[in-house]
Amino acid sequence: MKTKLIILLLLVAGCSLKAQDPATVFSVAPKDTSYWKLSGISGITFSQTTLVNWAAGGENSIPINFNLNGSLDYAKGKWAWDNDLALQYGVTYSDEYDWRKNADKISFTSKLGYQINKKFYYSLLVDYNTQFAKGYNYPNTEQYMSKLMAPGYSNSALGIDYKPNDNFSIFFSPISTRFLFVMDDSLSNAGAYGIDPGDKIQVEAGSLLKVSMKKNVMKNVDIISVFDAFTPYNENFGNIDMNWDLLVNFKINEVFTATLNTTLRYYDREHYVNSAGIDEGPKIQFKEMFGLGVAYSF
C-alpha cells in the first residue's frame, strides 16, 4: 500500500512539473537593474622622442599614461544618485633621468539628490581627491613632497543642484566643509600644504561650487569637464581656490584614439606653501598632456 502511494505522489509531482515552464520552476527572477547606468572612458596613451646626433640637443623620452573616467548613476522616482571616479597615472622615461612620474590622480565624487522639480534637486555631495604614489620636486629625489593621503582633500556639502539633463550639473552649497589631510609625519611636521605644523587634518567651513559636464560634442569626440571653486568662511573669505579638469577623447578608428588631458588650478592664498617650499598661490598653474593610444568606452 505504501509503495502504491509513493508511486502515485511521484506521478502527480511529475505531471505538475511538466505543466510548468522549467525556467520558471528552477530559476530566480533577475534583479531589476534598469535604474542604474554605467558609462565611462579608459585608455592608455603614449608618445616617443628619438634623437640621433641631433644638433639642437634634447634627449630620448617615452611618456606612458593611463586614465579611467567612469560614472555609475542611479535614478528612480524623485531620487538620483551620481557617482564619478577619475584615475590617472603616468610616467616618462628619459636617458638622463630614467623613470619619472608625470601624472597622478585619484578623484571620487558621490552626490545624492531629491528632485524639487524637473531641473532642480536638494543634494548632498561628498568628494575626495589624492594620488597614488610619492611625488618629487625633480631633479631632487631625496625628499618626496607628496604621497597617498598627503595631501588629500575632501568636501562634504549640502546644497542645490541644477541638473537639466544627465550630462550637465551645476551644484552650489553655502554649507560646505573642506578637509585637508596630510597623513605623513615628515610633511605634517614641516607644515606642508598650509597645514599647522604637527597637525594632520585641517577643517574649513565655506561655500562650494561644482560644475560637471559629460558630453559627446560631435561624432567620435567625447568631453568630460569638472570645475570646482571653494571659498572659506574665515579671514580668507572671498579668496577662491579653483580647479578645472578637462578630458577630450578623439576616437580615430576602432583601435586608436587621441586623448587630451588638462588641469587648470588657482589657489588664492597668500602663503600656500607646499612641502618643497614652493609657494602655490596666488598664481595660475596649468598642466597639459596629449597622447596617442588605445581607449575603451563603456
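This is a short talk on the fold of one protein chain, and the model is a predicted one.

I'll start with the overall make-up. The chain has 298 residues, and 36% of them are buried. It contains 3 helices and 14 strands. The accessible surface is about 18,000 Å², with 63% of that belonging to carbon and sulfur atoms. Now take the contacts with a separation of 6 or more: 54% of these are between residues 24 or more positions apart.

Next, the sheet. As a reminder, strands of a sheet pair through backbone hydrogen bonds, and the pairing can be parallel or antiparallel. Which kind of pairing do we have in this barrel? It is antiparallel, and 12 strands close the barrel. Going round, the order is β1-β2-β3-β4-β5-β8-β9-β10-β11-β12-β13-β14. Ignoring direction, neighbouring strands of this sheet are turned by 20 degrees against each other on average.

Look at the order again: β5 is followed by β8. Strand β5 covers residues 120–130, strand β8 covers residues 152–165, and 10 bridges hold this antiparallel pair. Within the pair, Tyr-122 sits opposite Ile-160 of β8.

On its other side, β8 runs antiparallel to β9, residues 168–181, with 11 bridges between them. How many residues does the hairpin from β8 to β9 pass through? The answer is 2. You can find the place by looking for Asn-165, which stands opposite Phe-168 in β9.

Further round the barrel, β12 (residues 241–251) and β13 (residues 256–266) are antiparallel and share 10 bridges. Here Leu-247 faces Asn-261 of β13.

Now the nonpolar cores. The largest has 10 residues: Tyr-144, Ala-150, Tyr-153, Leu-180, Val-182, Leu-187, Ala-192, Tyr-193, Ile-195 and Tyr-267. There is also a second, separate core of 5 residues, among them Leu-125, Ala-157, Phe-171 and Phe-230.

Last, one residue in detail: Ser-225, in strand β11, which spans residues 221–232. Is Ser-225 buried or exposed? Its relative accessibility is 11%, and the cut-off for buried is under 20%, so Ser-225 counts as buried. Its side chain makes a polar contact of 2.8 Å with the side chain of Trp-244. If we leave out neighbours within four places in sequence, Ser-225 touches Val-211, Ser-212, Met-213, Trp-244, Asp-245 and Leu-246.

To sum up, we have a closed barrel of 12 strands with antiparallel pairing, and a buried serine, Ser-225, whose side chain is joined to that of Trp-244 by a polar contact.

How values were computed: Residues are numbered from 1 along each chain as its sequence is written. This is a predicted model: local features need pLDDT of at least 70, side-chain atom pairs count only at pLDDT 80 or more; totals for chains, interfaces and linings use all residues. Side-chain values use heavy atoms; hydrogens and water are left out. Two strands pair if DSSP finds at least two bridges between them. Helices (H or I, at least four residues) and strands (E, at least two) are DSSP runs, numbered from the N terminus. Axes are lines fitted to C-alpha atoms, for helices over the stretch in contact, and angles run from 0 to 180 degrees between N-to-C directions. A nonpolar core is a set of buried Ala, Val, Leu, Ile, Met, Phe, Trp, Tyr and Cys residues joined through side-chain atoms within 4.5 Å. Buried means under 20% relative accessible area, exposed over 50%, partly exposed in between (1.4 Å probe, protein chains only). Contact means heavy atoms within 4.5 Å. Accessible areas come from the Shrake-Rupley method with a 1.4 Å probe; for residues, only the protein chains shown count as cover. A polar contact is a pair of N or O atoms within 3.5 Å; within protein, one must be able to donate a hydrogen and the other to accept it, and residues adjacent in sequence count only if both atoms are side-chain atoms.
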